[in-house]
Amino acid sequence: MSLQLYSDYPLRRLNTFGFESYAQCFTRLETAGDVISLHRYVDEHRLPLLLIGGGSNLILGPKVPGVVAQVAIAGMELEALAGDAVRVTLGAGENWHGSIERLLEQGVYGLENLALIPGCAGAAPVQNIGAYGVEVKDRLEAVEVYDWQQRRFYWLDNAECRFAYRDSIFKHETDRYLITRVRFLLSRQPDCVLSYKPLRDAIEPGQEGNPRAIFDAVCRIRRAKLPDPTLLGNAGSFFKNPIVTAGQYQALRQRYPDMVAYPEGEEFKLAAGWLIDRQGWKGYRQEGVGVHEHQALVLVNYGEGNRQQIERLAERIQSDVLEQYGVQLEVEPRFYP
Ligand SMILES: Cc1cc2nc3c(=O)[nH]c(=O)nc-3n(C[C@H](O)[C@H](O)[C@H](O)COP(=O)(O)OP(=O)(O)OC[C@H]3O[C@@H](n4cnc5c(N)ncnc54)[C@H](O)[C@@H]3O)c2cc1C
């Protein structure tokens, strides 16, 4: 089995920021055999490796050394379990939104709130994607990985993935696991989550238990709120919502009574967008990049921007927020290299 390798490969269309970037070497992985061939190749040539899905959570530099491997393993399998439960196994390369839509058409529910998140199924567990009251960990049974250290494929169950808010084992052991398949426990019985008020408000009365109505409402809200990366380069939320102790939150609340925050166990999750917006960054433009005019949490590329510019802008926002609120904002997408 031999890999197709391309040198000096353009990545502009493979990152949603649309940054000009070239991979020293690029390949596409479609089978388990490709994964093993890639392992042999990078070992033999001692090359660094970047795994990529849809490039919607990556900030690439102009030159990416070593190999960029796009995980393009296809497949969707449904297995009926007891009662209404359905086990769904997706190949890592399946388009995330398209998979949710296909499941909905087949009467399999549970992922509607995560509609329209760009990217591939294989990257969904990496940062435990979440939106509108649901995180991928709430529906995920297991993740099939190729372990670079043990040189074998096996399944990690939900607990072993160590999921947390926008976090998992895959974010910490970036060079160890290549995700090949993801398995979900879904249902033919709707289990609609409407904990998020703007979503609740967008549902027609009487449609609260209809997964299609939720899917459509999520798509409507997202299209109205978020810039389309094919028109304006971006990676969605640029910063995580910072989590602070109850004491920190009370102190901040006294100074800023209208501060937006949500309880998170015994702690509080602050709305990063509110902090940035209040500092007047919305619509700010610096060099080829800026802060979206309607979404303070979304940094954008106006066309000719690059990684360095976005990094400089992000650092300015971080130090401004730190100085004003004593809160450190953490960047959500991954910078590479
Ligand atoms: C407009 C927009 C809206 C967004 N909205 C949301 C949102 O609501 N909620 C949310 O959580 N995220 C959101 N995101 C972020 C992003 O879409 C998700 O993180 C998505 O899961 C990334 O998928 P991807 O295939 O593009 O991953 P990539 O960007 O290609 O990769 C992301 C990370 O995963 C690693 N990776 C990719 N594939 C594999 C694999 N098979 N095995 C191991 N590692 C892998 C990469 O090395 C990288 O570290 C948004 C992004 C955009 C542009």
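Start by selecting Glu304: leaving aside residues up to four places away in sequence, Glu304 touches Arg12 and Gln309. Bear in mind while you click around that this is a predicted model. Glu304 sits in the loop that runs between β19 (299-301) and α8 (307-325). Is Glu304 buried or exposed? Its relative accessibility is 66%, so Glu304 counts as exposed, the cut-off for that label being over 50%. Now add Ala235 to the selection and draw a C-alpha to C-alpha distance: you should get 16 Å, for two residues 69 apart in sequence.

**Next stop: Gln295**

Step back along the chain to Gln295, in the loop between β18 (289-291) and β19. Which residues does Gln295 touch, if you skip those up to four places away in sequence? Show Lys225 and Lys282, and you have them. Gln295 has a relative accessible area of 18% and is therefore buried, since buried means under 20%.

**Zoom out**

Hide the side chains and switch to cartoon. There are eight helices and 20 strands to find in this protein. The radius of gyration is 20 Å, close to the 20 Å that the globule rule gives for 337 residues, so the protein is as compact as a globular protein of that length. Turn the C-alpha trace along its principal axes and the spans come to about 65 × 55 × 35 Å.

Try a colour scheme by burial: 52% of the 337 residues count as buried. Put a surface on and you are looking at about 15,900 Å² of exposed area, with carbon and sulfur atoms supplying 47% of it. If you prefer to colour by charge, pick out 37 positive and 43 negative side chains; the centres of the two sets lie 2 Å apart. Contacts are worth a look too: taking those between residues at least 6 apart in sequence, 62% join residues at least 24 apart.

**Colour by domain**

Give each domain its own colour: domain 1 is 6-71, domain 2 is 76-225, and domain 3 is 233-243 + 272-336. Note that domain 3 is written as two stretches, so select both. How far apart are the centres of domain 1 and domain 2? Taken over C-alpha atoms, 24 Å separate them. To see where these two meet, show the 15 residues of domain 1 that are in contact with 14 residues of domain 2.

**Backbone oddities**

Time for some sticks. Most residues other than glycine have a negative phi, and most peptide bonds are trans. The next three stops go the other way.

Select Leu116, in the loop between α2 (96-105) and β8 (130-131). Leu116 is not a glycine, yet its phi is positive, at about 65°. Its relative accessible area of 22% makes Leu116 partly exposed.

Then jump to Arg166, in the loop between β11 (152-157) and α3 (169-172). Here phi is near 50°, again a positive value in a residue other than glycine. Is Arg166 buried or exposed? Arg166 counts as buried, at 13% relative accessibility.

Finish at Pro337, in the segment after β20 (334-336). What kind of peptide bond joins Tyr336 and Pro337? Check omega, which is about 0°: the bond is cis.

How values were computed:
Residues numbered from 1 in each chain as written. Predicted model: local features only at pLDDT ≥ 70, side-chain atom pairs only at ≥ 80, totals over all residues. Heavy atoms only, no water. Helix = DSSP H or I, 4+ residues; strand = E, 2+ residues; numbered from the N terminus. Rg over C-alpha atoms; globule rule 2.2 N^0.38 Å. Buried < 20%, exposed > 50% of the residue type's maximum accessible area, 1.4 Å probe, protein only. Contact = heavy atoms within 4.5 Å. Areas by Shrake-Rupley, 256 points an atom, 1.4 Å probe, with all protein chains shown as cover. Lys, Arg positive; Asp, Glu negative; His and termini not counted. Charge placed at Lys NZ, Arg CZ, Asp CG, Glu CD.
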